[in-house]
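User: I'd like a close look at one part of this model, please. Walk me through it in one go, and spell out your cut-offs as you get to them.

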Amino acid sequence: MAMEDPERKTEVVLLACGSFNPITNMHLRLFELAKDYFHETGKYKVIKGIISPVGDAYKKKGLISANHRVTMAKLATKNSDWVEVDDWESSQSEWLETLKVLRYHHQKLLPPDATNSLEDAVPLTKLGRKRKQEPNRHEPVKKKNRSPDIKSVPQVKLLCGSDMLESFGIPNLWKLEDIAEIVEKHGLVCISRAGNNAQKFIYESDILWRHKNNIHLVEEWITNDISSTKIRRALRRGQSIRYLVPDVVRAYIEKNNLYSPESEDRNAGVVLAPLQKNASDSKN
Ligand SMILES: Nc1ncnc2c1ncn2[C@@H]1O[C@H](COP(=O)(O)OP(=O)(O)OP(=O)(O)O)[C@@H](O)[C@H]1O
Ligand SMILES: NC(=O)c1ccc[n+]([C@@H]2O[C@H](COP(=O)(O)O)[C@@H](O)[C@H]2O)c1
Ligand SMILES: [Zn+2]
């Protein structure tokens, strides 16, 4: 496995989920910061970054159509040779848990016969209590069962800011089992500010603490307080957003007149999809 051979690095794909309403320079920076971090460890090689804008069914207030959000993200990443936009999530008719998006992107990276070979590697007598695997590693457990040229599957790690990590603590927003699977099977990369509430948050959560070796906290030293909310606010007030979002994005917003007091009222009074879903689940 990768760790036994210091020359072989673990390949990592970074997945960022969010509204991207609109995408900002900060979102693009998250990827660069995470990539530098992983490469500085000497153990990982980041091979790809994926931006997955949430679908309209998420129902967040002020969320404009996925069509526009995806287009802007694509414009913003046109000059990146490693970050791309994927619209699979946003083209689903219903809102999807982030875990399902992670699973989908991980599955996509598996060789076509990977699930079969995984089953093959488990002795019949032990079916039903498979050996615990390393995070995200769907290669056969036993080395001798593995063809020598099989490459381990890259890990797909969820890339987020500390606000998303801290949203794990909001009642009914995330299912505990989803959080567990995200940190256990995939891993989390969290970009945080000096001062570090993220560390405290992990300390105070038993589940996060248990898997803290699979949670990577990346310190953002060159702080950057751009958020989509602030961009939309500036636009409503007729203020410039130049140098805060890529220029192609700014041009697209202006051309299509995307953000206004009216667009900010979209989904006003509507319950956010995860809250709706988890509240009705707990009633059943
Ligand atoms: N300034 C920031 N520092 C660290 N992470 C950030 C920052 N801004 C956004 N992120 C992260 O980017 C991802 C996508 O976030 P999102 O689409 O909500 O953007 P946002 O700028 O936070 O938008 P909004 O203001 O509408 O919440 C999330 O994981 C979020 O934590
Ligand atoms: N239970 C879950 O899987 C869950 C809950 C809340 C938000 N999310 C995701 O986190 C992201 C949050 O984006 P915003 O910060 O823009 O609301 C979205 O991609 C959303 O789908 C996932
Ligand atoms: Zn946000």
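Which kind of space is taken by ligand 2?

Analyst: Ligand 2 takes up the largest pocket. A pocket here is an open set of points on a 1 Å grid over the protein atoms alone, with protein on both sides within 12 Å along at least five of seven lines, and a molecule sits in one if more than half of its atoms lie within 2 Å of its grid points. Bear in mind that this is a predicted model, where local features need pLDDT of at least 70 and side-chain atom pairs count only at pLDDT 80 or more, while totals for chains, interfaces and linings use all residues. Residues are numbered from 1 along each chain as written, chains are lettered from A and ligands numbered from 1 in the order written, and side-chain values use heavy atoms, leaving out hydrogens and water.

Around ligand 2 there are 13 residues, and Ser19, Tyr58, Lys60, Trp95 and Thr98 come nearest; a residue makes the list if one of its heavy atoms lies within 4 Å. By class, that shell has eight nonpolar, three polar and two charged residues, with Gly counted as polar and Trp and Tyr as nonpolar.

Now the polar contacts, meaning pairs of N or O atoms within 3.5 Å. From an oxygen atom of ligand 2 to an N or O atom in the Tyr58 side chain is 2.7 Å, and Trp95 offers a side-chain N or O atom at 3.0 Å from a ligand 2 oxygen. Gly18 joins in through a polar backbone atom, 3.1 Å from an oxygen of ligand 2. Taken alone, ligand 2 exposes 500 Å², and the protein buries 88% of that (Shrake-Rupley areas, 1.4 Å probe).

What about ligand 1? The space it takes is the largest pocket too. Its shell holds 20 residues, with His27, Gly161, Asp163, Ser228 and Thr229 the closest, and splits into eight nonpolar, eight polar and four charged. Strand 1 (10-18), helix 1 (25-41) and helix 5 are among the elements that each supply at least two of those residues; helices are DSSP runs of at least four residues (H or I), strands of at least two (E).

For ligand 1, a polar side-chain atom of His27 lies 2.8 Å from an oxygen atom, and a backbone N or O atom of Ser19 lies 3.0 Å from an oxygen atom. Asn224 has a backbone N or O atom 3.3 Å from a nitrogen atom of ligand 1. Alone, ligand 1 exposes 590 Å², with 88% buried by the protein.

Technical notes: A polar contact is a pair of N or O atoms within 3.5 Å; within protein, one must be able to donate a hydrogen and the other to accept it, and residues adjacent in sequence count only if both atoms are side-chain atoms. On a 1 Å grid over the protein atoms alone, a cavity is a set of points where a 1.4 Å probe fits but cannot get out, and a pocket is an open set with protein on both sides within 12 Å along at least five of seven lines; lining residues have an atom within 4 Å of a point.
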